[in-house]
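Colleague: Please take me through the terms used for this model, setting each value against its definition.

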Amino acid sequence: MLTALDSSKEGLRFLIERIENNNKQEWKDFATQAKQDNENLFSSLPFPKKEDSESYYKSTRDAINMFSDHLSLGPCPEKWVVFVSCDTSNLDDVRKNRNDQILMSMTLTSCSDCSLVKHMGIFRNPRKRNQHKDLAVLLHSFAAHSMLIENPLKKFMYSYPLNMMKKKIISALPPSTNFYCQDYRGWSSASTDNPLDEIKEHSQNESKCFWIELGTPAKLFIIRLEDLANLFTFSKTINSTHC
């Protein structure tokens, strides 16, 4: 497990854990419980609030389903979970009490000969809905930071974020940052390492890279991992040998 403490968010711990056979079910159980917590939270709301919260409930449900689906991908991809814990003292407590300790989580998927890393299924733990706002861009940045340590050959993050998430990431970027997003602008024609070419190439190799899909072009978002990682400074990296 790789752990980093974000120097700007006192009391939080950002972590990454590689998904293996011995921990996959634990994360699936976490997602199952989170889905149930989300349903319970929504059903307990009085009607006016329930009507106002329906889109949030549905987007959380869909993200949890996406999170769980990516945990279940076949043996070829490399898979990780990145998450933010509200516990900064004991990692064992986080592992044993995921649904009580984790604030937000997301899956990462890649493969050994691919420079792309897919970020999908980001969701806030329903039990922690009102704690520590504005964590999503931080979590994406930490995921990029971690992946560059895990494998410096990785170059790009790609995803199909909701419009709100997409706007949050873009608004956090320096104006000169190069990214691909059909709603805003395309990848620079001057770029010599156009990630769209790699996505198209790998998406045609379904037997090996079935985790890559072209999806809906209008929703596709791509950015260099280095640019995403540099949005925030993460300090006190520990346990990197166990990632």
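**Helices, strands, cores and spaces**

Colleague: How do you know that the span of helix α1 (residues 24–43) agrees with its number of residues?

Modeller: The expected span is 1.5 Å times one less than the number of residues. For the 20 residues of α1 this gives 28 Å, and the end C-alpha atoms are 29 Å apart, which agrees. Helices (H or I, at least four residues) and strands (E, at least two) are DSSP runs, numbered from the N terminus. The model is predicted: local features need pLDDT of at least 70, side-chain atom pairs count only at pLDDT 80 or more, and totals for chains, interfaces and linings use all residues. Residues are numbered from 1 along each chain as its sequence is written, and side-chain values use heavy atoms, with hydrogens and water left out.

Colleague: Which residues of α1 are buried?

Modeller: Trp 27, Lys 28, Phe 30, Ala 31, Ala 34, Asp 37, Asn 38 and Phe 42 of α1 are buried; that is, each has under 20% relative accessible area, where exposed means over 50% and partly exposed in between (1.4 Å probe, protein chains only).

Colleague: What makes α5 mostly covered?

Modeller: Of the 15 residues of α5, 12 are buried, including His 140, Ser 141 and His 145. The span of α5 also fits: 21 Å is expected for its 15 residues, and its end C-alpha atoms are 21 Å apart.

Colleague: Why is β3 described as largely enclosed by the rest of the structure?

Modeller: Eight of the eight residues of β3 are buried, so the description holds. Glu 78, Trp 80, Val 82 and Val 84 point one way, and Lys 79, Val 81, Phe 83 and Ser 85 the other way.

Colleague: How do you know that β3 and β4 pair?

Modeller: Pairing requires DSSP to find at least two bridges between two strands. β3 and β4 have eight bridges, in the antiparallel sense; one of the partnerships joins Val 81 to Thr 107 in β4. β2 and β3 also qualify, running antiparallel with six bridges, and Arg 18 stands opposite Trp 80 in β3.

Colleague: What makes a set of residues a nonpolar core?

Modeller: Its members are buried Ala, Val, Leu, Ile, Met, Phe, Trp, Tyr and Cys residues joined through side-chain atoms within 4.5 Å. The largest such core has 34 residues, and Phe 14, Val 82, Leu 108 and Phe 221 have the most contacts inside it. α5 gives the most to this core, with eight residues. Another core, of 16 residues, lies apart from it and includes Ala 63, Ile 64, Phe 83 and Ile 102.

Colleague: Why is one space called a cavity and another a pocket?

Modeller: On a 1 Å grid over the protein atoms alone, a cavity is a set of points where a 1.4 Å probe fits but cannot get out, whereas a pocket is an open set with protein on both sides within 12 Å along at least five of seven lines; lining residues have an atom within 4 Å of a point. The search of the whole structure finds one cavity of 30 Å³ or more. The largest cavity has a volume of about 50 Å³, and its lining includes Asn 38, Phe 42, Tyr 56 and Arg 129. α1 and α2 are the elements that give two or more residues to that lining. The largest pocket has a volume of about 950 Å³, a volume being the space filled by probe spheres set on the points, which are joined across faces, edges and corners. The pocket is lined by 32 residues, of which Ser 59, Ala 63, Ile 122, Leu 162 and Met 165 lie nearest its centre.
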